[in-house]
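Biologist: I'd love a close look at one part of this model, namely how its helices pack. Please take me through the contacts and then show me how they fit into the whole.

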Amino acid sequence: MLLNAKEILLKEILNQYLNQLNMICHCEKCMEDVLAISLNQVKPQYITDIDKISYSKSEMVDKQKNTAMLVILTEATSKVSAFPRCENRLLLNKESY
Ligand SMILES: [Zn+2]
């Protein structure tokens, strides 16, 4: 099974910092958009075994790398929040204007 370790890590960081990121909408579509934008910014790291993720995770303990990922997620979040593409969009726009 081919897995992108960065995808798993970014998902974890996103869930961990969700309350600190100013996300206008937390629906599945917006979360996926944030992840897609973020993943396009980072080099993929493919693994064939989910157990190998633990190696990548120990790498993530490195605060600097963690912060870099968070910066990418923050930028992606503001992009998605500025132009949400989900069905909540009209509702959210009504509320903010
Ligand atoms: Zn949404």
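**Helix packing around H4**

Modeller: Happy to! Helices H1 and H4 lie roughly perpendicular to each other (angles of 65 to 115 degrees count as such, under 35 as roughly parallel, over 145 as roughly antiparallel and the rest as oblique). Please keep in mind that this is a predicted model, in which local features need pLDDT of at least 70, side-chain atom pairs count only at pLDDT 80 or more, and totals for chains, interfaces and linings use all residues. Residue numbers start from 1 along each chain as its sequence is written.

The axes of H1 and H4 cross at roughly 75° and come within 10 Å (axes are fitted to C-alpha atoms, for helices over the stretch in contact, with angles from 0 to 180 degrees between N-to-C directions). Helices here are DSSP runs of H or I with at least four residues, strands are E runs of at least two, and both are numbered from the N terminus. On the H1 side, Leu 9, Leu 10, Ile 13 and Leu 14 make the contact, and they meet Asn 66, Met 69, Leu 70 and Leu 73 of H4 (contact means C-beta atoms, placed from the backbone, within 7 Å). By class, that patch holds seven nonpolar residues, one polar and no charged (Ala, Val, Leu, Ile, Met, Phe, Trp, Tyr, Cys and Pro count as nonpolar, Asp, Glu, Lys and Arg as charged, and the others, Gly among them, as polar).

Now bring in H2. Its residues are 28–39, those of H4 are 63–82, and the two axes come within 8 Å at a crossing angle of roughly 130°. That angle makes H2 oblique to H4. From H2, the residues in this contact are Cys 30, Asp 33, Val 34, Ile 37 and Ser 38, while H4 offers Ile 72, Leu 73, Ala 76, Thr 77, Lys 79 and Val 80. Sorted by class, the H2 and H4 contact has seven nonpolar, two polar and two charged residues. Val 80 is a nice one to click on: leaving out residues up to four places away in sequence, Val 80 touches Cys 30, Asp 33, Val 34 and Ile 37.

The remaining pair is H1 with H2. H1 covers residues 5–16, and its axis lies 10 Å from that of H2, at an angle of about 130°. H1 is therefore oblique to H2. Lys 6, Glu 7, Leu 10, Lys 11 and Leu 14 of H1 pack here against Met 31, Val 34, Leu 35, Ser 38 and Leu 39 of H2. This contact is made up of six nonpolar, one polar and three charged residues.

What do these three helices share? H1, H2 and H4 each supply at least two residues of the largest nonpolar core, whose ten members are Leu 9, Leu 10, Leu 14, Met 23, Cys 30, Val 34, Met 69, Leu 73, Ala 76 and Val 80. A nonpolar core is a set of buried Ala, Val, Leu, Ile, Met, Phe, Trp, Tyr and Cys residues joined through C-beta atoms within 7 Å. H4 gives the largest share, four residues.

H4 also has a residue that counts as exposed. Val 71 sits in this helix, and with 12 C-beta neighbours inside 10 Å Val 71 is classed as exposed (12 or fewer other C-beta atoms within 10 Å, placed from the backbone, mean exposed, 20 or more buried, and numbers in between partly exposed). From C-alpha to C-alpha, Val 71 is 9.4 Å from Ser 38, though 33 residues separate the pair in sequence.

The loop between H1 and H2 contains Cys 27, which is partly exposed, with 13 other C-beta atoms within 10 Å. Sequence neighbours up to four places away aside, Cys 27 touches Cys 86 and Asn 88. Its C-alpha is also 9.4 Å from that of Glu 87, 60 residues away in sequence.

Helix H3 spans residues 53–60 and includes Ile 53. Beyond four places in sequence, Ile 53 contacts Ala 5, Ile 8 and Ile 47.

Stepping back, the protein has five helices and two strands, running β-α-α-β-α-α-α from the N terminus. Of its 97 residues, 15% count as buried. Among contacts between residues at least 6 apart in sequence, 88% join residues at least 24 apart.

Conventions: Contact = placed C-beta atoms within 7 Å.
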